[in-house]
Amino acid sequence: MGWNPNGAEPIMLTFDPAGLTITQRDGDACVVCHKKWPRPRIKVGVLPDNAPVHACDDCAEAVMPMPDNVPLPRRSRAALS
Ligand SMILES: [Zn+2]
């Protein structure tokens, strides 16, 4: 279920809508950090009904592996402050 038949898309995570706000379910807020602006643009997964779930750039990197990039060393949040 949820697989794209043409196989062109990367593997999508399936999110449990019970843990998301309406805004997140509508794709208007980042599914990870709830940030609404800038609007999350990266589709990181789907709901069980195939509605897309979005995340902001930073969270998308954390949520899903980036097959186009070499694996990044583990980044510490403390290093950002
Ligand atoms: Zn985010």
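**Entry 1. The hairpin**

I began with strands β2 and β3, which pair in the antiparallel sense over 4 bridges. The model is a predicted one, and I read every value below as computed from it. In the register of this pair, I found G45 opposite V53 in β3. The hairpin of β2 and β3 has 5 residues between the strands, and among them I looked up N50, which takes a positive phi near 75°. N50 is not a glycine. I placed N50 in the loop between β2 and β3 and noted a relative accessible area of 47%, so N50 is partly exposed.

**Entry 2. The whole sheet**

I then asked in which order the strands of the sheet lie. The sheet is open, has 3 strands in the order β1-β2-β3, and shows mixed pairing. The edge strands are β1 (13-14) and β3, each of which pairs on one side only. I checked the other pair as well: β1 and β2 run in the parallel sense, over 2 bridges. Here L13 stands opposite G45 in β2. G45 also stands opposite V53 in β3, and I therefore recorded G45 as a residue with a partner in each edge strand.

**Entry 3. The order of elements**

I counted 2 helices and 3 strands in the chain. Read from the N terminus on, the elements run β-α-β-β-α. Of the 81 residues in the chain, 25% are buried. I also looked at contacts with a separation of 6 or more: residues 24 or more positions apart account for 37% of these.

**Entry 4. The zinc site**

Which residues coordinate the zinc ion? I found C30, C33, C56 and C59, each through its SG atom, at 2.2 to 2.3 Å. Along the chain these donors follow the spacing C-x2-C-x22-C-x2-C. C33 lies in the loop between α1 (22-25) and β2 (42-46), while C59 belongs to helix α2 (residues 57-63), so this pair ties together parts that are 26 residues apart in sequence.

I next asked why the arrangement is called tetrahedral. The 4 donor atoms subtend angles of 101 to 117° around the zinc ion, and four donors count as tetrahedral if all angles lie between 85 and 135 degrees. For comparison, the ideal angle for four tetrahedral donors is 109.5 degrees.

I compared the accessibility of two of the donors. C33 is partly exposed, with a relative accessible area of 37%, whereas C59 has 8% and counts as buried.

**Entry 5. The nonpolar core**

The largest nonpolar core has 12 residues, and I listed them as F15, L20, C30, V31, V44, L47, V53, A55, C56, C59, A60 and M64. Both β3 (52-55) and α2 supply at least two residues of this core. I noted that C30, C56 and C59 appear in the core and also among the donors of the zinc ion.

I followed one core member, V44, through its contacts. Leaving aside residues up to four places away in sequence, V44 touches M12, L13, F15, V31, V53, H54, A55, A60, V63 and M64.

**Entry 6. Q24 and its surroundings**

Is Q24 buried or exposed? At 1% relative accessibility, Q24 counts as buried. Q24 lies in helix α1. I looked for polar partners of its side chain and found two. A polar atom of the Q24 side chain lies 3.1 Å from the backbone oxygen of V31, and a polar contact of 3.4 Å joins the side chains of Q24 and H34. Beyond residues up to four places away in sequence, Q24 touches G19, A29, C30, V31, V32 and H34. C30 in this list is a donor of the zinc ion.

**Entry 7. The loop between α1 and β2**

H34, the partner of Q24, is found in the loop between α1 and β2. I noted a positive phi of about 70° for H34, although H34 is not a glycine. The relative accessible area of H34 is 44%, so H34 is partly exposed.

My last item was a peptide bond. The bond from W37 to P38 is cis, with omega near -5°. P38, like H34, lies in the loop between α1 and β2.

Conventions: Residues are numbered from 1 along each chain as its sequence is written. This is a predicted model: local features need pLDDT of at least 70, side-chain atom pairs count only at pLDDT 80 or more; totals for chains, interfaces and linings use all residues. Side-chain values use heavy atoms; hydrogens and water are left out. Donors are N, O and S atoms within 2.8 Å of the metal (3.2 Å for Na, K and Ca); water is not among the atoms, so sites may look incomplete. Four donors count as tetrahedral if all angles lie between 85 and 135 degrees; four count as square planar and six as octahedral if opposite donors are over 155 degrees apart and all others between 65 and 115; anything else is irregular. Buried means under 20% relative accessible area, exposed over 50%, partly exposed in between (1.4 Å probe, protein chains only). A nonpolar core is a set of buried Ala, Val, Leu, Ile, Met, Phe, Trp, Tyr and Cys residues joined through side-chain atoms within 4.5 Å. Contact means heavy atoms within 4.5 Å. A polar contact is a pair of N or O atoms within 3.5 Å; within protein, one must be able to donate a hydrogen and the other to accept it, and residues adjacent in sequence count only if both atoms are side-chain atoms. Two strands pair if DSSP finds at least two bridges between them.
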